[in-house]
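Please open the model in your viewer and keep the sequence panel beside it, since this tour moves from one selection to the next.

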Amino acid sequence: MTSLSKSATNIENLIGKAREGNDLSRAEIIQLLQMPEDHSPALFTAADDVRKEQVGDEIFLRGIIEFSNYCERNCLYCGLRCANAKISRYRMTADEIIAAAQQIKNLRIPTVVLQSGEDSFFSTEIICNLIERVRAETGLIITLSLGERSLADYQAFAQAGANRYLLKHETASRDIYNYLRPGCKLESRLQCLFNLKKLGFETGTGNMVGLPGQTPEILADDLLIMKKLDADMLGIGPFIAHPETPLAGIDNDALELTCRVVAIARLITRNTNIPATTALSTLHPQGRIQALQAGANVVMPDFTPDIYKIRYDIYPGRTDVGSAAEIMVKLEKDFASIGRSLLYSAGYRKK
Ligand code: 5AD
Ligand code: SF4
């Protein structure tokens, strides 16, 4: 056997081992991230098989409402950063949020994600009132994505009726984290995630792929954090440079690599809920479909009213503009083309 075919056999064995549910070491994860591209189809097929076996063929839906684009943080990658004076800021009123949540309910989507920048205008009390109203007036399952808050805040949100929380750790590299998120600490973020898990939230973490300075070793550490936290949801998306940020102009062609991270995440975490992120479909028209065939099982259509949606400018070129009903028709059609249907049920992680 040539050394080339020996290493090909070695990679096939590794993918087989992961498919069977055996733990992968950091070195093995790095090997999968770095292997030649002709092995990708085998990795994606293995992840697709595990997705089918663990969470089924149906795509879980979560409707997002981006209710405030104010943010007190200054992350170097994000268009909502407080130093971006060009963005036109908005806050939706409680009535506007309820109206958008009603649309989600009318389309039979069972869960809403209430997302914003880190905006302290929305005090603990205001958020709790909002949770109670959404609960009482729509009955939707509530996911929050509001950034880092105190343990007491998270406790209050849980008591008010929130069930899930998304807070991506963004990157496992302390150096990159400190550089990209001035004044923030990876430890504090991980502590928030730990607190959320402890309080019984279904908890989501995740990362960006293709950040400047990122290495396969760092991506492997991202994947190990997802596993170690026993996160229930994993948001994995490519970094897309925003022109009004210090990272403007940095090219990122990370479609293939992002799908690899999604696939490995599925293989090592088995039954988690993994969205095919909007950032992937922004990067490439087929991005979302490719991720759904590489381990992803969730789609999060955006129900923010159009007048606000275009101002929730985290990165440029976000797709899915149009009315909610139009978006749903398009999604159903795209997914039917790969033999997948939409699931209108809660989509809790099965333990
Ligand atoms: N490219 C891709 N994702 C981004 N996010 C923020 N800025 C960008 C960008 N330029 C993601 C982060 C954050 C979420 C709100 O959006 O992962 O958690
Ligand atoms: Fe604010 Fe989040 Fe954007 Fe950072 S990534 S600037 S915390 S919205």
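**First stop: ligand 1**

Begin by selecting tyrosine 77 together with ligand 1: in this predicted model, a backbone N or O atom of tyrosine 77 lies 2.8 Å from a nitrogen atom of ligand 1. Next, add lysine 168, where a polar side-chain atom lies 3.2 Å from an oxygen atom of ligand 1, and then glutamate 170, where a polar side-chain atom lies 2.5 Å from an oxygen atom of the ligand. To complete the surroundings of ligand 1, select also Cys78, Met208, Pro238, Phe239, Ile240, Ile314 and Tyr315.

**Second stop: ligand 2**

Keep Tyr77 and Cys78 selected, for they are also among the residues that surround ligand 2, and add Cys71, Arg73, Cys75, Leu80, Arg81, Gly117 and Arg181. If you colour this shell by class, you should find five nonpolar, one polar and three charged residues around ligand 2.

**Third stop: two helices**

Now select helix α5, residues 124-138, and helix α6, residues 151-160, which pack at an angle of about 20° with their axes 9 Å apart. Because of that angle, α5 is roughly parallel to α6, and α5 passes α6 in a right-handed crossing.

Which residues of α5 and α6 make the contact? On the α5 side, show Thr124, Ile127, Cys128, Ile131 and Glu132, and on the α6 side, show Asp153, Ala156, Phe157 and Ala160. Sorted by class, the contact of α5 with α6 has six nonpolar residues, one polar residue and two charged residues.

Definitions and conventions:
Residues are numbered from 1 along each chain as its sequence is written. Chains are lettered from A and ligands numbered from 1 in the order in which they are written. This is a predicted model: local features need pLDDT of at least 70, side-chain atom pairs count only at pLDDT 80 or more; totals for chains, interfaces and linings use all residues. Side-chain values use heavy atoms; hydrogens and water are left out. Axes are lines fitted to C-alpha atoms, for helices over the stretch in contact, and angles run from 0 to 180 degrees between N-to-C directions. Helices (H or I, at least four residues) and strands (E, at least two) are DSSP runs, numbered from the N terminus. Angles under 35 degrees count as roughly parallel, over 145 as roughly antiparallel, 65 to 115 as roughly perpendicular and the rest as oblique. A crossing is left-handed if the near helix is turned anticlockwise from the far one by less than a right angle, and right-handed if clockwise. Contact means heavy atoms within 4.5 Å. Ala, Val, Leu, Ile, Met, Phe, Trp, Tyr, Cys and Pro count as nonpolar, Asp, Glu, Lys and Arg as charged, and the others, Gly among them, as polar. A residue is near a molecule or strand if one of its heavy atoms lies within 4 Å of it. A polar contact is a pair of N or O atoms within 3.5 Å; within protein, one must be able to donate a hydrogen and the other to accept it, and residues adjacent in sequence count only if both atoms are side-chain atoms.
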